[in-house]
Amino acid sequence: MVELVEASTLSLDLRGIPDAKAGPLLFSASQRLGIGQQIDLLIDRDPHTLLRATAFQLRDAISWAVHEADGQWRATVRPRKEAEAKDVVDLLTWDHYRLDRQFADVLAAANANRVQEAEAIFQDYWIGLRRHVHMENYILGPVLGGGEKKGPLADMLFEHDSLIQQSRIVDETFQEKDYDMLPAICAMLSGSLAKHENREENTLFPIWQAANNQDKLRAEEFLSQTRALLAGADDATVKERFPD
């Protein structure tokens, strides 16, 4: 049984569910983990084998802590790179992976006509995208540079505008319940998102990483600020700049 306890915590009860079925459930929940989020796992057997198999599938993208009491096992699963990110570029790259996987899940659910599931995942993606864009556009970009008028930074700003607009169209499609158009619109956005992430990571991020590493104190502040913002610390400002 999967239950959203709060925005940052997913409760996953795998008691009585064999590994053959529990594994895909844990994988699906883990691949959507974002910065500041966690899975509270409840299971009636030692979960280490299941957790290691899931980590292997996700290229070691998760970490966990396990506790046992009275024959019941609990595990807290978190993004591994949340703790291990060496700098802000590392953290943003991990968030790219999370957003990309989330929207792939939106597209899969839309194609299968699982509309409620698609909308629930999309809403988490939608606020996550706006947090990410806010951090890059208004906090990192003006300081770390990359060519605001012409260059990788200018390209990023233009593509962010497009991604926000396309995502807003998806949101409006859900609100208007125009579900026939949903798979096609989601497919277009999924492709745009993947192309943008690849371009940004290969052109702008190396520039940012070099500039960021010149000032160790500032680099630590950016890492801490980005981790907090991606977890929702400044959502009032994010929603003001990028309203629903």
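How exposed or buried is Asp44, judged by relative accessibility? At 35% relative accessibility, Asp44 counts as partly exposed. The legends below describe close-up views of a predicted model.

**View 1. Asp44 and Arg45 form a salt bridge.** The closest N and O atoms of this pair are 2.9 Å apart. Side chains of opposite charge can pair when their charged atoms come close. Arg45 is partly exposed, because its relative accessibility of 24% lies between the limits of 20% for buried and 50% for exposed residues. Asp44, with 35% relative accessibility, is partly exposed as well.

**View 2. Arg45 also forms a salt bridge with Asp19.** Here the closest N and O atoms are 2.8 Å apart. Arg45 lies in the loop between strand E3 (38-43) and helix H2 (48-57), whereas Asp19 belongs to helix H1 (residues 19-30), so the salt bridge ties together parts that are 26 residues apart in sequence. Asp19 has a relative accessibility of 40% and counts as partly exposed.

**View 3. A salt bridge joins the side chains of Arg199 and Glu159.** The distance from N to O in this pair is 2.7 Å. The two residues link distant parts of the chain, as Arg199 is in helix H7 (residues 182-212) and Glu159 is in helix H6 (residues 152-176), 40 residues apart. Arg199 is partly exposed, with a relative accessible area of 41%. Glu159 counts as buried because its relative accessibility of 15% falls under the limit of 20%.

**View 4. Asp19, Asp44 and Arg45 belong to one network of salt bridges.** The network arises from salt bridges that share partners. Arg45 pairs with Asp19, and Arg45 also pairs with Asp44. In the structure as a whole, there are 11 salt bridges.

**View 5. Helices H5 and H6 cross with their axes within 10 Å.** Helix H5 comprises residues 115-144, and its axis crosses that of H6 at roughly 155°. This angle is over 145 degrees, so H5 counts as roughly antiparallel to H6. The crossing of H5 and H6 is left-handed.

**View 6. The contact of H5 with H6 contains nonpolar, polar and charged residues.** Sorted by class, this contact has 14 nonpolar residues, six polar residues and five charged residues. Helix H6 also holds Glu159, the partner of Arg199 in the salt bridge of View 3.

Terms used:
Residues numbered from 1 in each chain as written. Predicted model: local features only at pLDDT ≥ 70, side-chain atom pairs only at ≥ 80, totals over all residues. Heavy atoms only, no water. Salt bridge = Lys/Arg side-chain N within 4 Å of Asp/Glu carboxyl O. Helix = DSSP H or I, 4+ residues; strand = E, 2+ residues; numbered from the N terminus. Buried < 20%, exposed > 50% of the residue type's maximum accessible area, 1.4 Å probe, protein only. Axes fitted to C-alpha atoms, helices over the stretch in contact; angles between N-to-C directions. Parallel < 35°, antiparallel > 145°, perpendicular 65-115°, else oblique. Left-handed = near helix turned anticlockwise from the far one by under 90°. Nonpolar A, V, L, I, M, F, W, Y, C, P; charged D, E, K, R; others polar.
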